[in-house]
Amino acid sequence: MKFAQKLTIAILLLLCLALSVGGAFSIQQNFAHALAVAEKQDTLLHLRECYSMERALTKTQEKKNTEKFLAAQQYALEQQAAFGQSSPPFTLFSATGTPIYSNIPWQVTYMEQWQTAQMGRNSGRYLKKEDRYFLLLGSPLEETGENLWFVNAFEVTDLFSERERQLRQYGVLELAVLALAGIAAALVARLLTRPLRRLEQASRKIAQGTYSSRVQISSKDELGRLGESFNAMAGAVEEHMAALEEEGQKQKRFVAAFTHEIKTPMTAILGYANLLRSAEQPAEKRQLAANYIYHEANRLEHLSRSLLALLGLEKETVRLEPTALSAVLADLRRSLPKLDIELQTQCEGEGRVLADRVLLVDLLRNLVLNAVNAQPADGVVRVQCKPTAGGWLVTVADKGRGMSPKELEKVLEPFYRVDKSRARESGGNGLGLSLCDRIAKAHGSALQIESSPGKGTVVSVLLKEAEE
């Protein structure tokens, strides 16, 4: 069952309960009031009847029941002649409970009449006989000199019938109100749940893969805020899925590039190894084959070390300690092989940063070697350290070939090389900048690369200053 239908049923149930209880209470109160008024009037009439019967009985000369019967009969005829059908019927009892005279309808039994007389002066009770209702009132006749009892039967069927009529009429009216209210409640419930249906549709689209789906809710209530939260969640899911998709693509490119990097040296190694084992070769050819095998095996060994470094940086936490930048630059010079270009290092002041000294040296070494491979036009690679807001900025700059904006977008991906042929000749595997980026992130920073084709490249990293 839909929520709108549940809401409609709930509204109708509450309305039905309120109308039923309210209507029944109101009708019952009106009925009780009418019944009390009628009972008061009938009690006064009963007292008048008692006084009249006492006077009629005092006129009899004898105390025999026959005389009393005739006197009561005569009184009944006079009352009917005077008031017609509105004259209340009565029963006259002797002291022993014997009915002397009675014109009360036969539906009211003798025992019910006598029990009413025994209840006391002006005592009464209501009786239902088939489809008729009676009020029995009984009192003793004290002025007759005997212990006689007088009981009147007042028919109050009209009052009960009126109550039943009002209940039926109110029931019909309530059904009509509930029908109209049901239609109105259904429309209101559908209107109120429209934002929920939109949320359902949008969530179903997102579940099917349409992550750009959003919900339009203009209200400012809780549903409006729910819609805003849903849209924010959908945006976060879309960004996350886009990031996952991009990461998946990167992994595919990584695997493809890694497979290619492994395949090329392995093909050369297998080929030359097969040449050496197939037959005796001249010394010159053996030397050439051995050189190729050594060179390609060295490339594989360097590739494995770079991959292990990348994996280690992703899984382990780097411990940062206060480190002097001057010591880092000195280690950098010692770690570099003999270069065909000039390396200029400059540090403005005695800078101390939070770093892993070995990893920071490795980062700068890779950047310098990349700058050398870019063949600077002036033959110089510059490494500078200068204080800035929040720490020390370390830059490696060259005036080499540079990179295009498209190349800058992919340059940090593993195995990506700007000039593949030249990089292969120099022994590069495309992991240098990826490793540098991981080292920078381990230091709480990131590589900032600025480059223009033909004008050179500037790579910088911001390091936190160590407290004294």
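**Exercise 1. Salt bridges**

Find how many salt bridges this predicted model holds, and work out which residues are linked in a network of them.

*Solution.* The count for the structure is 11 salt bridges. To reach the network, begin in helix 8, where D331 forms a salt bridge with R334, their closest N and O atoms lying 2.2 Å apart. Because the two residues are three places apart in helix 8, about one helical turn separates D331 from R334. The next step is to add R357, since D331, R334 and R357 are linked in a network of salt bridges. Side chains of opposite charge can pair when their charged atoms come close.

**Exercise 2. Buried or exposed partners**

For the pairs D331 and R334, E49 and R48, and E164 and R163, decide how each partner is classed, given that buried means under 20% relative accessible area and exposed means over 50%, with partly exposed in between.

*Solution.* Take D331 to begin with: its relative accessibility is 17%, so D331 counts as buried, whereas R334, at 61%, counts as exposed. In the second pair, the side chains of E49 and R48 meet in a salt bridge with an N to O distance of 3.8 Å. Here E49, at 1% relative accessibility, is buried, while R48, at 39%, is partly exposed. In the third pair, the side chains of E164 and R163 meet at 3.5 Å, N to O. E164 is partly exposed at 31% relative accessibility, and R163 is buried at 18%.

**Exercise 3. The surroundings of T323**

Locate T323, and describe what its side chain reaches and which residues T323 touches.

*Solution.* T323 is found in strand 6, which covers residues 321–324, and its relative accessibility of 7% means that T323 counts as buried. The side chain of T323 reaches two backbone oxygens, that of E321 at 2.9 Å and that of A355 at 3.3 Å. Leaving aside residues up to four places away in sequence, T323 touches V328, G351, R352, V353, A355 and R357.

**Exercise 4. Strand 4 and its partners**

Determine with which strands strand 4 pairs, and explain why strand 4 is described as largely enclosed.

*Solution.* Strand 3 (residues 123–129) pairs with strand 4 in the antiparallel sense over seven bridges, and within this pairing Y126 has L135 as its bridge partner. These two strands form a hairpin with two residues between them, and E130 in the turn has a positive phi of about 55°. Strand 5 (residues 148–155) also pairs with strand 4 in the antiparallel sense, over eight bridges, with L136 standing opposite A153. Finally, nine of the 10 residues of strand 4 (residues 132–141) are buried, so the strand is largely enclosed by the rest of the structure.

**Exercise 5. The nonpolar cores**

Identify how many residues the largest nonpolar core has, and which element gives the largest share of this core.

*Solution.* The largest nonpolar core has 37 residues, and those with the most contacts inside it are L363, L364, V368, V381 and V396. Several elements give two or more residues to this core, including helix 8 (325–335), strand 9 (380–388), strand 10 (391–398) and helix 12 (432–442). The largest share, nine residues, comes from helix 9. As for L364, residues up to four places away in sequence being left out, its contacts are V328, L329, L332, V394 and V396. A second, separate core of 14 residues includes I100, Y101, L141 and L148. In soluble globular proteins, nonpolar side chains tend to be buried together.

Note on methods:
Residues numbered from 1 in each chain as written. Predicted model: local features only at pLDDT ≥ 70, side-chain atom pairs only at ≥ 80, totals over all residues. Heavy atoms only, no water. Core = buried A, V, L, I, M, F, W, Y, C linked by side-chain atoms within 4.5 Å. Buried < 20%, exposed > 50% of the residue type's maximum accessible area, 1.4 Å probe, protein only. Helix = DSSP H or I, 4+ residues; strand = E, 2+ residues; numbered from the N terminus. Contact = heavy atoms within 4.5 Å. Pairing = 2+ DSSP bridges. Polar contact = N/O pair within 3.5 Å; in protein donor to acceptor, adjacent residues only side chain to side chain. Salt bridge = Lys/Arg side-chain N within 4 Å of Asp/Glu carboxyl O.
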